[in-house]
Structures are given as C-alpha cells and as structure tokens.
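Subject: Structure handover

Hello,

Here is the structure for your queue. Please load it before reading the notes underneath.

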Amino acid sequence: MCVDYSQTVNKFTCLDAYPLPNMQSVIHNVTQYKWYSSLDLRSAYHQVPLLPEERKYTAFEANGQLYQFKRIPFGLKKAVPCFQRVINDIIAAHGCKGTFAYLDITVCGRTKEEHDENLKVFLNAAKECNLTLNEGKCKFATESISLLGYRISKGVLGPDPGRVKPVLNMPAPRNSKELQRLVGMFAYHAQDRPVAFFSRPLTSHERRHVSVEKEALAIVEAVRKWVHLLTGRRFKIVTDQRSVTFMYNNENHDKVLRWRMELSEFDFDIAYRSGKLNAAPDALSRVYCAAMRENTLHKIHVSLCHPGITRLIAFAQRIYRTPSTTCVK
C-alpha cells in the first residue's frame with residue numbers, strides 16, 4: 001500500500017540529500033568477485049521503525065478510521081535515502097566484507113569459502129537488527145548474478161540477457177535492402193563497440209528548457225553518469241547537435257556557466273556528426289519498423305493517438321467502407 005503524501009508531509013519535509021551509491025561503482029566492485037548472493041528484504045521500507053513522536057505525520061484515513069504507520073511507509077519523500085543510510089550503517093557497524101547495497105544487498109566472495117563467511121556475517125547482522133529476508137526472491141551462492149542491468153559471471157561483466165531481447169528477437173530480413181540495413185547497423189557497432197547505455201526522463205522544469213539547453217544537458221548528464229570512467233582521461237564526445245558548441249562561447253547564462261564550470265575539470269573534445277551519419281543510435285527501431293508490414297505500423301500509429309482521434313479514424317474508416325448507395329449525413 002502506498003499513501004499519497006504529496007500534499008501533506010512531503011510538501012513540508014526538507015530534502016534528505018543522502019546519496020544512493022553510484023551504480024557503476026557497485027558493478028565495478030562486484031566484478032572483483034566470483035561468488036555471489038542476492039538478498040531481497042521483504043517490504044524493505046517497513047523494516048525501518050519510526051520514532052514514536054514522528055508517527056503522527058504519517059496518519060491517513062481509511063473507512064472512517066485514522067491510522068498511523070509505526071515503520072517507514074512507501075510514498076514518503078525521504079524513504080529511499082533513509083533506507084539506504086540504515087543499510088549502509090548496518091554493513092559498516094558489523095564489518096560486513098564483500099557486501100554492497102543498492103537498495104537490495106549483494107554479498108560476494110572471491111572463493112566459495114570467502115563468500116560463505118561474508119554471507120554468514122551479514123545474515124547474523126540482519127538477524128540482530130531484525131531484518132526479514134524475502135527468501136523467495138533471494139539467490140544464494142551462485143557463480144552468476146543479474147545486477148542493475150548487467151550479467152556478472154565469475155568476475156566477467158556482460159549485458160543482462162533480458163536487455164538484449166529486442167536484438168535477439170529482431171525479425172529476419174526479407175529482401176536485400178533490409179539485409180543491407182541490418183548488416184550496416186552491426187558493422188557500425190563493431191567499429192565503435194558500445195559498452196554502456198544511459199537515458200532518463202526530463203523533470204518537469206527541465207521540459208521547459210529551450211531545445212539547445214536540453215541538448216547540452218544530455219552531455220552534462222552523460223559525463224556525470226560515467227565520471228568514474230572519465231576522470232583523469234582524455235575523451236571525445238560525439239553529438240549530432242551542432243548547437244551544443246554554445247557552451248564554449250561567451251554567453252553568460254547562469255545555467256550554462258554552471259555546466260561549463262562543472263565540465264571544466266575534464267579533458268575532452270566535442271565532435272559534431274551530422275544526423276544522416278549518426279543514424280546508428282536509433283537503428284534498432286528503424287530496422288524493426290522497416291520489417292513490419294504497413295497495416296501493423298498503421299495499428300501502432302492509431303493506438304498512440306489521442307482516444308478522440310482514434311475514434312475519429314475508426315468512424316472515417318466505417319464511412320469509406322460504406323457502399324456508395326448509402327447516404328451519410
């Protein structure tokens with residue numbers, strides 16, 4: 001159950017800036033080991049008790065009765081950082097080695113014996129702190145694990161099979177043109193092999209940015225995402241948006257200046273690649289759509305329309321299918 005606190009406690013609660021771990025750092029650390037256990041906490045937030053004097057702020061009404069949570073409920077603005085802080089404190093206080101937390105917990109070991117010892121230490125800590133595991137979702141002592149979009153097996157990092165299903169399930173080309181397009185896509189990625197992908201939705205205020213600021217923001221967010229790989233290295237940013245070069249001119253826009261200051265600690269070049277030469281990033285959707293039949297694409301298009309437009313199209317189709325002897329007013 002999740003209560004809507006957007007107009008109550010969340011509206012008047014200060015932001016807790018306690019950060020979640022960097023996902024790439026967690027992945028990098030886990031790949032140093034060869035044995036893994038993935039532990040899921042049952043109703044994770046409900047594992048953390050609230051102070052008695054704070055419970056009144058979680059009150060909600062149901063069926064004419066007023067209730068209060070005794071433990072952290074889902075829906076609170078500070079629930080995620082608070083839970084992450086508690087788990088990190090437990091790991092540090094009990095000296096849990098080879099144990100990493102990104103909401104869920106991963107226990108690792110370079111050998112089976114080391115893994116079992118690390119797992120024993122954490123399980124004892126969890127029992128002492130009254131943490132309850134969801135054993136149906138836990139995996140113990142495996143040599144491969146799916147974690148944060150990756151598949152890690154005996155210290156080797158690879159893509160999660162579930163993330164590459166669109167490529168594996170691509171329809172076979174039916175003619176020479178489709179075959180050339182498919183071969184060209186794979187050939188492109190075999191010269192510039194992608195090792196990671198990143199995307200995120202824009203926030204409500206970011207959607208109000210002008211287009212050139214959105215394009216610049218994409219570069220800033222990408223550098224933030226892979227800062228642990230880019231720090232101390234010279235690298236090149238390739239974009240099909242020529243306008244991002246405005247970041248290096250004499251504009252004094254406050255937002256732009258902050259981004260320029262943030263990127264000033266890195267050593268990099270920005271290269272412009274025109275859109276017609278930069279088709280590979282969305283080649284997957286292009287190939288898939290090209291292999292579809294026209295009527296299938298039409299159904300997808302109609303389904304994406306506003307419901308009123310969809311009904312209008314359906315009505316128009318019925319009219320045009322009506323025999324010519326019928327009068328339609």
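Notes on the cores, one helix and the cysteines follow.

Bear in mind that this is a predicted model.

Nonpolar cores. The largest one has 29 residues. Those with the most contacts inside it are Tyr5, Leu39, Leu41, Phe83, Ile87, Ile105 and Phe122. At least two residues each come from helix H2 (79-93), strand E5 (104-109) and helix H3 (112-128). H2 gives the most, with 5 residues. Another core, of 13 residues, lies apart from it. Ala216, Val220, Trp226 and Phe268 are among its members.

Tyr5. Leaving out residues up to four places away in sequence, Tyr5 touches a long list of partners, including Tyr57, Phe60, Phe69, Pro73, Phe74 and Leu76. Asn10 and Lys11 are also among them.

Helix H6. This helix covers residues 211-225, 15 residues in total. From first C-alpha to last it reaches 21 Å, close to the 21 Å expected at 1.5 Å a residue. Its buried residues are Glu213, Glu215, Ala216, Leu217, Ile219, Val220, Glu221, Val223 and Lys225. Of these, Ala216 and Val220 also belong to the 13-residue core.

Cysteines. How many disulfides does the structure hold? The count is 0. Take Cys129: the closest cysteine sulfur, in Cys96, is 8.8 Å from its own, so the two are too far apart for a bond. The cut-off is 2.5 Å between sulfur atoms. Cys129 is partly exposed, at 27% relative accessibility. Cys14 is exposed, with a relative accessible area of 61%.

Best regards

Note on methods: Residues numbered from 1 in each chain as written. Predicted model: local features only at pLDDT ≥ 70, side-chain atom pairs only at ≥ 80, totals over all residues. Heavy atoms only, no water. Helix = DSSP H or I, 4+ residues; strand = E, 2+ residues; numbered from the N terminus. Expected span 1.5 Å × (residues − 1). Buried < 20%, exposed > 50% of the residue type's maximum accessible area, 1.4 Å probe, protein only. Core = buried A, V, L, I, M, F, W, Y, C linked by side-chain atoms within 4.5 Å. Contact = heavy atoms within 4.5 Å.
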